[in-house]
Amino acid sequence: MTAQRGCVGENGEVGHGNPGSSVAAHQDRSDTASRLHKGGLRQRHLTMIALGGIIGASLFVGSGAVIQTVGPAAVLSYALGGLVVIFVMRMLGEMATSKPSLGSFMEYAREALGDRAGFVVGWLYWYFWVGVVAFEAVVGGKLLGGWFNAPDWMFALLLMMLLTATNLLSAKSFGETEFWLASVKVATIIVFLTVGVLFVLGLWPNTSFSVGNIGQGGFVANGGFSVLQGVVIVIFSYFGAEIVTMAAAESKQPAKAVARATNTVVWRILLFYVGSVALLVMITPWREIPSTSSPFAAAFDQFGLPAAEQVVNVVVLTAALSVLNSGLYTSSRMLFALSNRGWAPRWVRDCNTRGVPWKAVLLSTLVGYVAVVMNYVAPDQVFSFIMNSAGAVALFVYIIIALSQLRLRSRMSISERESLGLKMWFHPWLGILVVIGIVVIIFSMGVIESTRPQLLLSLISLAVLVVAYSIVRRIRSKTVPRI
């Protein structure tokens with residue numbers, strides 16, 4: 001037995017509690033030298049990952065552009081997009097509480113729809129997050145570069161190195177970092193919601209009742225189609241809610257953690273996103289809300305809070321770092337899970353003494369470093385391609401999750417269905433409606449001129465992976481001995 005051949009789960013199984021049926025998993029059953037450290041993430045870590053996972057810089061900065069595109073009905077866009085995510089998370093939660101797995105929806109897709117679906121969704125998800133890691137590093141670098149009057153690229157690379165080190169230390173180190181970064185985001189939103197309600201009700205000093213601003217110029221001021229256009233834009237803001245189902249696999253009570261996160265996703269989306277946007281269009285007439293800077297900074301400024309813009313910029317930085325941190329963790333664990341299935345290089349499974357798949361972390365980070373460099377060398381070519389080609393990946397992942405749940409539930413016996421700790425509502429009809437809704441959003445991306453390039457490049461990425469699976473399967477059939 002060679003040391004550090006690969007990380008495996010309890011009793012030599014892939015992940016935690018899931019039988020490894022692949023040849024690669026079978027070959028590692030005797031290797032217990034190094035494993036992912038189950039229990040490294042505590043309940044408070046998972047709680048804050050669940051709370052803060054959906055709060056990114058896109059809410060603090062991008063919501064202004066959505067409001068200018070849609071008008072006050074942006075509230076509906078966020079609500080409709082949030083409903084899709086709530087239902088998808090419920091479907092994922094049903095599968096994850098029934099069978100917690102490190103690969104999460106990749107494993108469920110493989111079991112429900114076949115190996116090709118698992119391979120494609122796993123690599124799509126990895127590709128999305130390594131792109132996001134680079135993007136958030138660039139955002140953070142730009143903020144710090146402006147503050148210290150220094151080159152943006154230097155800070156972008158510094159942030160990448162800092163959070164790479166955090167992820168290499170241990171799962172607990174990642175969880176602790178994410179706990180505090182997410183705490184800043186959550187605390188900011190809570191302050192905004194509290195003061196914002198007092199402000200629009202005229203209970204804040206020197207204010208008057210302003211709830212009526214939400215209907216100024218007509219609630220659906222830019223037409224009904226603009227609401228759907230808004231959904232297309234905001235749906236990606238919610239991507240990240242599913243991270244907790246992957247992180248839970250490295251906790252002591254994964255099923256309990258997933259169930260709690262899934263049950264609370266409803267009020268998290270309603271409060272943090274729909275509630276915040278509703279308050280924004282009540283505090284200020286929507287045409288006066290800035291679209292290129294943070295509408296939250298403008299709102300805090302109206303509250304009379306000192307240094308509002310600087311404070312929100314710090315929050316945006318912590319949001320970018322939080323997403324960067326989560327992106328490194330998630331991409332490395334997905335790559336590790338892909339390797340366990342024989343769909344990524346075997347050496348990716350190597351763990352350090354703290355149970356961290358360090359090669360998976362470094363490989364995922366390496367792609368991020370390349371993308372950051374490309375942002376400054378060829379921003380309109382390579383970096384733009386990376387960002388746009390992952391544009392519709394979230395929707396592809398969501399639809400595969402939904403189809404997996406529908407297929408897996410249909411295979412269950414009556415007793416298995418009754419024993420489920422968490423169930424999708426109104427199965428199968430609501431699930432089918434979710435699939436139709438996602439298809440409509442994907443179709444809308446093709447209709448809307450600004451998102452059409454993203455959809456086309458994302459479809460190319462999807463096609464490449466479908467073909468890549470056939471190549472990988474052919475190579476494995478020639479090199480892997482029969483057991």
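User: What percentage of the area that the protein exposes is supplied by carbon and sulfur atoms?
Analyst: This is a predicted model, in which local features need pLDDT of at least 70 and side-chain atom pairs count only at pLDDT 80 or more, whereas totals for chains, interfaces and linings use all residues. Residues are numbered from 1 along each chain as its sequence is written, and side-chain values use heavy atoms, with hydrogens and water left out. The protein exposes about 19,000 Å², an area obtained by the Shrake-Rupley method with a 1.4 Å probe, where for residues only the protein chains shown count as cover. The part supplied by carbon and sulfur atoms is 66%.

User: How many helices and strands are there in the protein?
Analyst: Both are DSSP runs numbered from the N terminus, a helix being H or I over at least four residues and a strand being E over at least two. Counted in this way, the protein has 19 helices and two strands.

User: What percentage of the 483 residues is buried?
Analyst: A residue is buried under 20% relative accessible area, exposed over 50% and partly exposed in between, with a 1.4 Å probe and protein chains only. Of the 483 residues in the protein, the buried share is 56%.

User: Which residues are closest to the centre of the largest pocket?
Analyst: A pocket is an open set of points on a 1 Å grid over the protein atoms alone, where a 1.4 Å probe fits and protein lies on both sides within 12 Å along at least five of seven lines; its lining residues have an atom within 4 Å of a point. The largest pocket holds about 1,100 Å³ of space, the volume being that filled by probe spheres set on points joined across faces, edges and corners. Of the 44 residues that line the largest pocket, the closest to its centre are Ser-58, Phe-135, Glu-136, Phe-236 and Ser-237.

User: Which element gives the largest share of the lining of the second largest pocket?
Analyst: About 320 Å³ of space lies in the second largest pocket, and its 15 lining residues include Val-61, Lys-142, Leu-143, Thr-292 and Asn-313, the closest to its centre. Two or more lining residues come from each of α6 and α13. The largest share, five residues, is given by α6.

User: How far apart are the end C-alpha atoms of helix α14?
Analyst: Helix α14 covers residues 358-377, and its buried residues include Ala-360, Gly-368 and Met-374. The expected span of a helix is 1.5 Å times one less than its number of residues. For the 20 residues of α14 this gives 28 Å, and so it agrees with the separation of the end C-alpha atoms, 28 Å.

User: Which residue does a cis peptide bond join to His-427?
Analyst: The loop between α17 (414-418) and α18 (429-447) contains this residue. With omega at about 0°, the cis peptide bond joins His-427 to Pro-428.

User: Is Asn-149, in the loop between α6 and α7, buried or exposed?
Analyst: Asn-149 lies in the loop between α6 and α7 (152-169), and its phi is near 50°, a positive value in a residue other than glycine. Because its relative accessibility is 75%, Asn-149 counts as exposed.

User: What distance separates the C-alpha atoms of Arg-346 and Phe-336?
Analyst: Arg-346 is in the loop between α13 and α14 and is partly exposed, with a relative accessible area of 33%. Arg-346 and Phe-336 are 10 residues apart along the chain, and their C-alpha atoms are separated by 9.0 Å.
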